[in-house]
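Opening a fresh page for this one. I want to go through the pocket, the cysteines and the core.

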Amino acid sequence: MRRVVCPGSFDPVTNGHLDIVSRAAQLYDEVVVAVLRNPNKQALFTVDERVEMLREVTKSHDNVTVTRFDGLIVDFCRANDISAIIKGLRAVSDFDYEMQMAQMNYSQAGVETLFMTTNPLYAFLSSSLAKDFAKYGGDVSGLVPSPVADRLAARLRGG
Ligand code: PNS
């Protein structure tokens with residue numbers, strides 16, 4: 001069985017993430033979406049809320065599962081018999097950091113990283129931008145799945 005992980009902080013999941021997960025699901029027997037903490041980012045949603053949203057928006061894919069993990073991605077891969085990570089690359093600006101992480105993960109644990117080019121429709125999109133846009137009253141319906149847009153609006157109202 002060919003199994004791959006799509007890791008990220010997903011705070012919250014965007015249409016760009018969903019596009020990568022859907023395309024990975026066509027290439028692999030099983031895709032595990034793993035929600036990890038990124039210590040460099042301040043979160044709007046708890047990890048459990050992010051997992052819940054991801055489960056809802058990936059439920060049409062039979063071969064996609066969603067889980068959380070506290071720790072190193074390479075330890076998650078080892079524990080789940082996963083030999084490769086798939087990441088979306090939006091632009092050159094993503095590359096340095098992603099390259100460093102990929103090389104670190106390969107050198108320390110032999111875990112491969114495969115980069116998938118982001119659909120140009122979502123090349124500008126990030127969770128942070130979607131949150132900012134929503135915060136100032138922007139319409140995020142084309143940026144995040146609709147259940148996520150609803151949760152975002154509710155959270156920004158204080159819910
Ligand atoms: O969506 P993000 O915030 O770009 O995802 C980054 C994430 C969470 C995948 C990355 O920070 C990560 O893998 N964190 C887990 C801890 C880890 O393994 N760090 C070492 C990377 S060299």
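My notes follow, topic by topic. I kept in mind throughout that this is a predicted model.

**Pocket**

I started with the largest pocket and its volume, which comes out at about 1,300 Å³. I then pulled up the lining and got 44 residues. Pro7, Gly8, Lys87, Glu98 and Met101 are the ones nearest the pocket's centre.

Which helices and strands each supply at least two residues of that lining? I noted strands E1 (3-8), E4 (84-89) and E5 (112-117), plus helices H1 (15-27), H3 (73-79), H4 (92-109) and H5 (127-135). H4 gives the largest share, with 9 residues. By residue type I wrote down 19 nonpolar, 17 polar and 8 charged for the lining.

**Cysteines**

Next I looked for disulfides and found 0. Why does cysteine 6 have no bond to cysteine 77? The sulfur of cysteine 77 is the closest cysteine sulfur to that of cysteine 6, but it sits 11 Å away, which is too far for a bond. A disulfide would need the two sulfur atoms within 2.5 Å. I checked from the other end too: cysteine 77 is in no disulfide, and its nearest cysteine sulfur is that of cysteine 6.

Buried or exposed, I asked of cysteine 6? Buried, at 3% relative accessible area. Cysteine 77 also counts as buried, because its relative accessibility is 1% and the cut-off is under 20%.

**Asparagine 15**

I stopped at asparagine 15, which is placed in helix H1. Its relative accessible area is 14%, so I put it down as buried. Setting aside neighbours within four places in sequence, I listed its contacts as Tyr122, Leu125, Gly142, Leu143, Val144 and Pro145.

**Core**

How many residues are in the largest nonpolar core? I got 34, and the ones with the most contacts inside it are Val31, Val33, Leu54, Ile86, Val140 and Val144. At least two residues of this core come from each of E1, H1, strand E2 (30-36), helix H2 (47-57), strand E3 (64-69), E4, H5 and helix H6 (146-156). So Val144 turns up twice in my notes, as a contact of asparagine 15 and among the core residues with the most contacts.

I took valine 31 for a closer look. Again leaving out neighbours within four places in sequence, it is in contact with Val4, Cys6, Val21, Ala24, Ala25, Asn63, Val64 and Thr65. Last entry: another core lies apart from the largest one, with 11 residues, including Val32, Ala34, Val74 and Ile82.

Methods:
Residues numbered from 1 in each chain as written. Predicted model: local features only at pLDDT ≥ 70, side-chain atom pairs only at ≥ 80, totals over all residues. Heavy atoms only, no water. 1 Å grid on protein atoms, 1.4 Å probe; cavity = no way out; pocket = protein on both sides within 12 Å on 5 of 7 lines; lining within 4 Å. Points joined across faces, edges and corners; volume = space filled by probe spheres on them. Helix = DSSP H or I, 4+ residues; strand = E, 2+ residues; numbered from the N terminus. Nonpolar A, V, L, I, M, F, W, Y, C, P; charged D, E, K, R; others polar. Buried < 20%, exposed > 50% of the residue type's maximum accessible area, 1.4 Å probe, protein only. Contact = heavy atoms within 4.5 Å. Core = buried A, V, L, I, M, F, W, Y, C linked by side-chain atoms within 4.5 Å.
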